[in-house]
Amino acid sequence: MAALLSEYPPEAQQLTQRVRKLLLRIIPDVSEYVIPGWRIISFRMGPGHAHQICWLAPQRIGVNLGFERGADMPDPDGLLTGGAKQARNVRIRSAKDVDVTKIAALVAAAIEIHRDR
């Protein structure tokens, strides 16, 4: 993970680590995988890509929290962005964007979709 994060400014590294620690705390039985070619950190509840709950994609400014099935998730606060067929992101640009309650609700929705598959 250090190699991936080293490509980004210190502020983006710190923010990515902050959100990473939150995800490790709120996702039950989670495993994380660094995927260098995609420049992401994948969070999974089982082996393989099919068990991915979400991912972090560091950016020059901040970090994106992505959800594979984001288009199917409730988003009452309008945090999810993106135009892909299924995937959606939450753009986190500073520490003030880290709303634990709202992020936890999105993660819970992603876990529910994962379990229903």
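In this predicted model, helix 2 and helix 3 are oblique to each other, a description that follows from the geometry of their axes, which cross at roughly 55°. The two axes come within 11 Å, with helix 3 spanning residues 100-116, and the crossing of helix 2 and helix 3 is right-handed. On the side of helix 2, the contact is made by Leu22, Leu23, Arg25 and Ile26, and on the side of helix 3 by Val100, Ile103, Ala104 and Val107. Sorted by class, the residues of this contact comprise seven nonpolar and one charged, with no polar residue taking part.

Attention then turns to charged side chains. Side chains of opposite charge can pair when their charged atoms come close. A search of the whole structure yields four salt bridges, and three of these pairs are described here, including one between Arg39 and Glu7, in which the closest N and O atoms are 2.5 Å apart. This pair links distant parts of the chain, 32 residues apart, since Arg39 is placed in the loop between strand 1 (31-35) and strand 2 (40-44), whereas Glu7 is placed in the loop between helix 1 (2-5) and helix 2 (10-26). Arg39 is partly exposed, its relative accessible area being 38%, and Glu7 likewise counts as partly exposed, at 37% relative accessibility.

Helix 2 also contributes to a salt bridge, formed by Arg20 with Glu32, for which the distance between the closest N and O atoms is 2.8 Å. Because Arg20 belongs to helix 2 and Glu32 to strand 1, the pair ties together parts that are twelve residues apart in sequence. The two partners fall into separate accessibility classes: Arg20 is buried, with a relative accessible area of 15%, below the 20% under which a residue counts as buried, while Glu32 counts as partly exposed at 26% relative accessibility.

A further salt bridge is formed where the side chains of Asp72 and Arg69 meet, with an N to O distance of 2.5 Å. Asp72 counts as partly exposed, with a relative accessibility of 38%, and Arg69 is also assigned to the partly exposed class, with a relative accessibility of 31%.

Technical notes. Residues numbered from 1 in each chain as written. Predicted model: local features only at pLDDT ≥ 70, side-chain atom pairs only at ≥ 80, totals over all residues. Heavy atoms only, no water. Helix = DSSP H or I, 4+ residues; strand = E, 2+ residues; numbered from the N terminus. Buried < 20%, exposed > 50% of the residue type's maximum accessible area, 1.4 Å probe, protein only. Axes fitted to C-alpha atoms, helices over the stretch in contact; angles between N-to-C directions. Parallel < 35°, antiparallel > 145°, perpendicular 65-115°, else oblique. Left-handed = near helix turned anticlockwise from the far one by under 90°. Contact = heavy atoms within 4.5 Å. Nonpolar A, V, L, I, M, F, W, Y, C, P; charged D, E, K, R; others polar.
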